[in-house]
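Open the model in a viewer and keep the sequence panel visible. The stops below say what to select next and what is there.

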Amino acid sequence: MKQVVQNYKSGELALLDVPVPGCKPGGVLVRSAYSLISTGTELMKVSEAGMSMLGKARSRPDQVAKVMQSVATNGVPATYRKVMGKLDSYTPLGYSLCGVVEEVGAGIDDVKVGDLVACAGNEHALHAELNWVPKNLYAPVPDGLAPRHAAFGTVGSIALQGVRQGESRLGEVALVVGLGLIGQLVVQLLTASGVRVVGADPDPARCELAERLGAVACGDPGAAAVEAAVAELTDGHGVDQVYLAAGGGSNQPVELAARLSRDRGRVVDIGKCRLDLPWNAYYEKELDVRFSRSYGPGRYDPEYELQGRDYPIGYVRWTERRNLACFLDLVARGRVDVEPLVSHVADFDDAVEAYRRLKDGELKAVAVLFRYPEQSAEPEAPEVTVPAVRRGTAGPAPARAPKTPVRLAFVGAGNYATSMLLPHLAGRDGVELSTVVTTTALSAANAQRKFGFTEATTDLDAVLGDSAVDAVFVVTRHSSHAELTRKALLAGKAVFVEKPLALTEDELAGVVAAVEESGNDRLQIGFNRRFAPLLHEARKHFGPRTGPAGLRYLINAGRLDHGSWYLRQDSEGSRFTGEGGHFVDTASWLLGADPVSVYATATPGNEDLQIILGYPDGSTATLSYVTTGPSGFPKETLDLVADGRALRLDDFVRASVYGGKRWVSSRLPKARDKGQEAELAAFVRAVRTGGPMPVPLESLVATTAATLAVRTSLASGAPVTLAGAR
């Protein structure tokens with residue numbers, strides 16, 4: 001196998017053929033997929049190797065002290081031979097990678113062959129095709145996390161341990177000095193923790209990157225802008241923490257830390273910078289100086305790292321391995337975004353040239369990845385399968401007798417049901433509100449009293465078994481939608497389910513399987529915007545199109561109140577998964593087709609999303625789903641451009657069409673009619689007459705699959721093909 005090595009005496013870098021390491025007990029043999037060059041630590045070693053012997057001695061006074069001790073003990077000749085022998089040997093490079101388990105050693109039961117793991121350690125996560133990694137220095141990669149992103153695990157753990165040492169608290173202000181790889185990760189971790197961050201670095205490009213990734217303001221350490229930002233954010237008191245993530249021989253970082261810290265602030269040294277502490281400045285403010293030791297507790301302890309002896313979690317909450325797993329989880333959930341840090345990806349065979357370009361300054365980079373032979377071709381775009389809709393043998397729904405009311409049952413009677421649906425159905429000709437089902441008796445009784453349900457119950461099975469009930473409305477929390485819909489379809493009921501239909505691909509497949517098993521395809525999802533009168537009128541004035549279209553849809557979703565159940569992502573799915581189908585469906589209806597591809601990016605924390613939908617005729621729709629916009633700005637604005645014409649919708653209050661004869665709507669009597677009433681009328685009509693449902697089932701399934709594909713695209717960092725889309 002091949003491995004990157006360096007001769008510290010001559011400075012030579014080589015890609016050397018070396019034997020494959022054995023798979024010892026207590027660890028796993030890992031085939032590398034991607035490994036990360038630490039442009040700070042590794043380049044420092046590469047640069048030191050190119051120095052003269054005197055330069056090497058000046059750069060490593062700690063090693064000189066060891067040599068002098070050896071001279072005193074063993075004499076000059078023996079010490080010389082020992083030092084020269086060590087210098088004139090190949091040493092490895094690298095300490096952060098992601099790869100696939102190729103062999104499992106004795107005593108390992110938490111991973112198996114074929115699993116993807118992130119690995120750490122300057123003796124075990126080397127730039128090599130294969131590495132043996134002990135148990136406490138690897139962590140399984142979460143599902144959906146791209147290998148190139150998981151390769152950041154070690155440097156991410158270093159940044160995470162630094163932030164832990166700073167003991168940051170919600171609402172505090174921090175200064176990050178040095179915006180290289182570690183500094184950029186520290187910025188994101190602090191931002192994700194609710195800390196406002198100011199960055200300092202002489203490189204404008206790195207300052208700009210840090211601001212894009214969450215820093216409030218960044219600038220040159222010697223510029224007045226950094227001090228001004230700190231003064232404004234802290235009312236002149238100074239920052240709560242300073243993180244020193246810079247290298248080099250300048251004492252500027254520690255002096256800046258003293259000047260901009262508040263009284264009794266914390267200064268955390270993560271990088272390797274000069275630390276001549278100005279005594280008066282640190283004494284007068286009683287600054288707390290802390291050191292962050294690499295990836296966390298366990299580092300440099302051979303019993304932990306090599307023998308796999310873990311520290312009890314009750315005494316040491318965050319060890320090396322737990323930090324590694326935590327960072328991978330943060331990246332997988334979009335709390336930290338490492339893709340903008342990737343400046344270059346080099347094939348492993350070109351490793352020596354990549355180091356040369358970095359050393360010579362030809363390649364300006366924050367992070368550089370090595371891609372190993374089996375990863376040389378970029379991975380194929382991930383796919384999400386759109387389940388094919390196959391109807392069973394049941395015939396079409398029978399038409400009802402002319403004067404027989406459509407009997408509706410509601411499962412759930414929360415805010416949306418009682419404010420946006422039931423007011424349009426209560427008292428409607430030809431509709432009977434038969435039964436309301438809720439989990440608590442009182443909420444069912446309240447809904448019965450307000451809207452005139454014939455019966456209130458907590459027994460769902462009794463409703464599904466009631467042959468007099470024609471249709472069931474599923475208006476519960478998101479996690480129950482798919483299962484309740486599946487049960488109602490199998491019971492032969494027409495179903496109106498509020499979005500989303502499903503939270504996972506498996507749930508979606510289960511609903512489609514219920515259609516196939518029962519032959520009952522009487523399903524509608526609450527995608528009401530396509531029924532909005534103003535949007536219908538605007539589309540009519542826009543007219544048919546011949547060429548591909550471009551659509552932009554800005555959704556100013558706003559922030560949710562603390563404690564909202566919409567924030568329970570583990571059980572209820574992400575916020576976009578919950579309501580994003582609305583906007584995908586609206587775009588698809590306007591474009592007259594279902595999407596065939598999805599590409600999504602997100603700001604740190606997945607708060608603001610940019611989603612590009614591709615359509616069969618080359619049309620595209622860009623959905624900007626933002627939660628950080630001002631509350632006074634319209635919630636939804638949409639622009640559609642094609643064939644020299646443009647349609648604009650302003651928050652369902654006003655619409656206009658440009659091109660040819662211009663049309664501008666008047667303000668509607670009912671402001672912001674988003675189509676709920678028309679949608680319900682269409683659904684009731686379809687149930688009464690036995691005619692087609694308002695939206696084809698294939699389109700409902702495709703919209704749901706596209707909404708779920710957003711999560712896949714965010715995790716992979718790549719466009720997703722919707723396999724089987726029409």
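Select Asp-643 first: this residue of the predicted model counts as partly exposed, because its relative accessibility is 35%. Add Arg-645, which forms a salt bridge with Asp-643; the closest N and O atoms are 3.2 Å apart. Arg-645 counts as buried, because its relative accessibility is 17% and the cut-off for buried is under 20%.

With that pair on screen, select Glu-353, Arg-356, Arg-357, Asp-360 and Glu-362. These residues are joined into one network by salt bridges that share partners. The structure as a whole holds 34 salt bridges.

Next, select Asp-639 and Arg-648. They form a salt bridge in which the closest N and O atoms are 2.7 Å apart. Asp-639 is buried, with a relative accessible area of 15%, whereas Arg-648 counts as partly exposed at 37% relative accessibility.

**Glu-167 and its loop**

Go to Glu-167, in the loop between helix H6 (153-166) and strand E9 (173-177). Which residue forms a salt bridge with Glu-167? The partner is Arg-169, and the closest N and O atoms of the pair are 3.9 Å apart. Both ends of this salt bridge can be checked for exposure: Glu-167 is partly exposed, with a relative accessible area of 39%, and Arg-169 is partly exposed, with 46%. Look at the backbone here as well. Glu-167 has phi near 50°, which is a positive value in a residue other than glycine.

**Tyr-300**

Another positive phi in a residue other than glycine is found at Tyr-300, where phi is near 75°. Select the loop between strand E14 (288-291) and helix H12 (302-305) to find Tyr-300. Is this residue buried or exposed? Tyr-300 counts as exposed, because its relative accessibility is 55% and the cut-off for exposed is over 50%.

**Helix H23**

Select residues 676-689, which make up helix H23. The end C-alpha atoms of H23 are 20 Å apart, and this agrees with the 20 Å that its 14 residues should span at 1.5 Å a residue.

Now colour the buried residues of H23: Gln-676, Glu-679, Leu-680, Ala-681, Ala-682, Phe-683, Val-684, Ala-686 and Val-687. To see what covers them, show the elements around the helix. Among the covering strands are E18 (406-411), E19 (431-437), E21 (471-474), E22 (494-497) and E23 (523-525). Helix H15 (415-425) is also part of the cover.

Step just past the end of the helix to Gly-690. There, directly after H23, Gly-690 takes a positive phi of about 80°.

**The cis bond at Pro-500**

From strand E22, follow the chain into the loop that leads to helix H19 (505-518); Pro-500 lies in this loop. Select Lys-499 together with Pro-500. The peptide bond from Lys-499 to Pro-500 is cis, with omega near 0°.

**The largest cavity**

Keep Lys-499 and Pro-500 selected, as both line the largest cavity. How many cavities of 30 Å³ or more does a search of the whole structure find? The search finds three, and the largest cavity has a volume of about 60 Å³. Rolling a probe the size of a water molecule over the atoms shows where empty space is left.

To complete the lining of the largest cavity, add Leu-501, Ala-502, Phe-527, Thr-577, Gly-581, Thr-703, Thr-704, Thr-707 and Leu-708. Then show helices H22 (575-591) and H24 (697-716), the elements that give two or more residues to this lining. H24 gives the most, with four residues. Coloured by class, the lining of the largest cavity has five nonpolar, five polar and one charged residues.

**Whole chain**

Finally, zoom out and show the protein chain as a cartoon. Its secondary structure comes to 24 helices and 32 strands. Colour the chain by accessibility: of its 726 residues, 51% count as buried. If contacts are drawn, consider those in the protein chain with a separation of 6 or more; residues 24 or more positions apart account for 69% of them.

Key. Residues numbered from 1 in each chain as written. Predicted model: local features only at pLDDT ≥ 70, side-chain atom pairs only at ≥ 80, totals over all residues. Heavy atoms only, no water. 1 Å grid on protein atoms, 1.4 Å probe; cavity = no way out; pocket = protein on both sides within 12 Å on 5 of 7 lines; lining within 4 Å. Points joined across faces, edges and corners; volume = space filled by probe spheres on them. Nonpolar A, V, L, I, M, F, W, Y, C, P; charged D, E, K, R; others polar. Expected span 1.5 Å × (residues − 1). Buried < 20%, exposed > 50% of the residue type's maximum accessible area, 1.4 Å probe, protein only. Contact = heavy atoms within 4.5 Å. Salt bridge = Lys/Arg side-chain N within 4 Å of Asp/Glu carboxyl O.
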